Amino acid sequence: VDAARDGDPASTYLAVQSLIKLNQNDRAAAELTRLRASDQPGWRLVAESAEALLANDGGRAVEVGRRAVEADGNNPFAHYQLGLSAGRANDWSAAMGGFTRAIELKPDFAYAHYYAGLSYQRLRQLSKTAEHFDAFLRLAPDAPERSAVLAILRTIK
């Protein structure tokens with residue numbers, strides 16, 4: 001997280017996601033403020049969507065996430081943020097679409113595979129769930145979600 005402080009927007013965004021997982025929302029918000037200062041409109045919108053999600057404003061998070069994708073359709077993190085926002089709104093088809101596109105643009109994006117697996121699980125597409133969870137475990141073998149993912153895989157395989 002600290003190493004990303006002066007990094008590129010993608011590093012900052014990933015640091016934000018780590019801070020959120022660590023329940024350090026104040027630090028995450030501070031990093032998002034820095035990301036919103038980006039000279040790239042797509043990244044500013046990604047940050048704004050993430051801020052809305054932190055504020056539990058799922059509708060705004062989805063709306064701004066869609067605008068981020070429109071502004072920079074080749075940014076895998078914009079699609080990922082839209083997926084996170086749609087998932088929070090329980091729109092699993094839209095979430096799956098965001099994560100799937102993020103993976104198409106960045107196949108080694110472990111957490112896009114993780115959340116795609118969860119989305120496919122909600123949609124009861126278990127073979128796709130297993131495919132994405134297997135990819136997640138291959139890309140992030142020491143992730144804290146490992147035991148939960150293995151438990152899910154045992155029940156669907």
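How much space lies in the second largest pocket? About 170 Å³ of space lies there, and the exercises below lead up to this pocket from the fold as a whole.

This is a predicted model, in which local features need pLDDT of at least 70 and side-chain atom pairs count only at pLDDT 80 or more, while totals for chains, interfaces and linings use all residues. Residues are numbered from 1 along each chain as its sequence is written, and side-chain values use heavy atoms, with hydrogens and water left out.

**Exercise 1. Describe the fold of the protein and decide how compact it is.**

Step 1: The protein has 9 helices and 0 strands, where helices (H or I, at least four residues) and strands (E, at least two) are DSSP runs numbered from the N terminus.

Step 2: The radius of gyration, taken over C-alpha atoms, is compared with the globule rule, 2.2 Å times the number of residues to the power 0.38. The protein has a value of 15 Å, close to the 15 Å that the rule gives for 157 residues, so it is as compact as a globular protein of that length.

Step 3: Buried residues, those under 20% relative accessible area with a 1.4 Å probe and protein chains only, make up 46% of the 157 residues.

**Exercise 2. Find the aromatic partners of Y114 and say where they lie.**

Step 1: Rings of Phe, Tyr and Trp (its six-membered ring) pair if their centres lie within 6.5 Å, and planes under 30 degrees apart count as stacked, over 60 as edge-to-face and the rest as tilted. This rule gives 15 aromatic pairs.

Step 2: Y114 pairs edge-to-face with Y115, at 4.9 Å centre to centre and 75° between the planes. Y114 also forms a tilted pair with F136, at 5.0 Å centre to centre and 45° between the planes.

Step 3: The pair of Y114 and F136 links distant parts of the chain, with Y114 in helix α7 (residues 110-122) and F136 in helix α8 (residues 126-139), 22 residues apart. Both Y114 and F136 are buried, and Y114 has a relative accessible area of 12%.

**Exercise 3. Describe the surroundings of A116.**

Step 1: A116 lies in helix α7 and is buried, with a relative accessible area of 0%.

Step 2: Contact means heavy atoms within 4.5 Å. Once neighbours within four places in sequence are left aside, A116 is in contact with F99, I103 and H132.

**Exercise 4. Compare the linings of the two pockets.**

Step 1: On a 1 Å grid over the protein atoms alone, a pocket is an open set of points where a 1.4 Å probe fits, with protein on both sides within 12 Å along at least five of seven lines, and lining residues have an atom within 4 Å of a point.

Step 2: The largest pocket holds about 420 Å³ of space and is lined by 19 residues, of which I20, L53, L84, R88 and Y115 lie nearest its centre. Helix α5 (76-88) gives the largest share of this lining, 6 residues.

Step 3: The second largest pocket is lined by L14, Q17, S18, K21, Y80, F109, A110, Y111 and P144. Helix α1 gives the most to this lining, with 4 residues.

Step 4: By class, the largest pocket has 10 nonpolar, 7 polar and 2 charged lining residues, whereas the second largest has 6 nonpolar, 2 polar and 1 charged. Here Ala, Val, Leu, Ile, Met, Phe, Trp, Tyr, Cys and Pro count as nonpolar, Asp, Glu, Lys and Arg as charged, and the others, Gly among them, as polar.

Methods
Buried < 20%, exposed > 50% of the residue type's maximum accessible area, 1.4 Å probe, protein only. Points joined across faces, edges and corners; volume = space filled by probe spheres on them.
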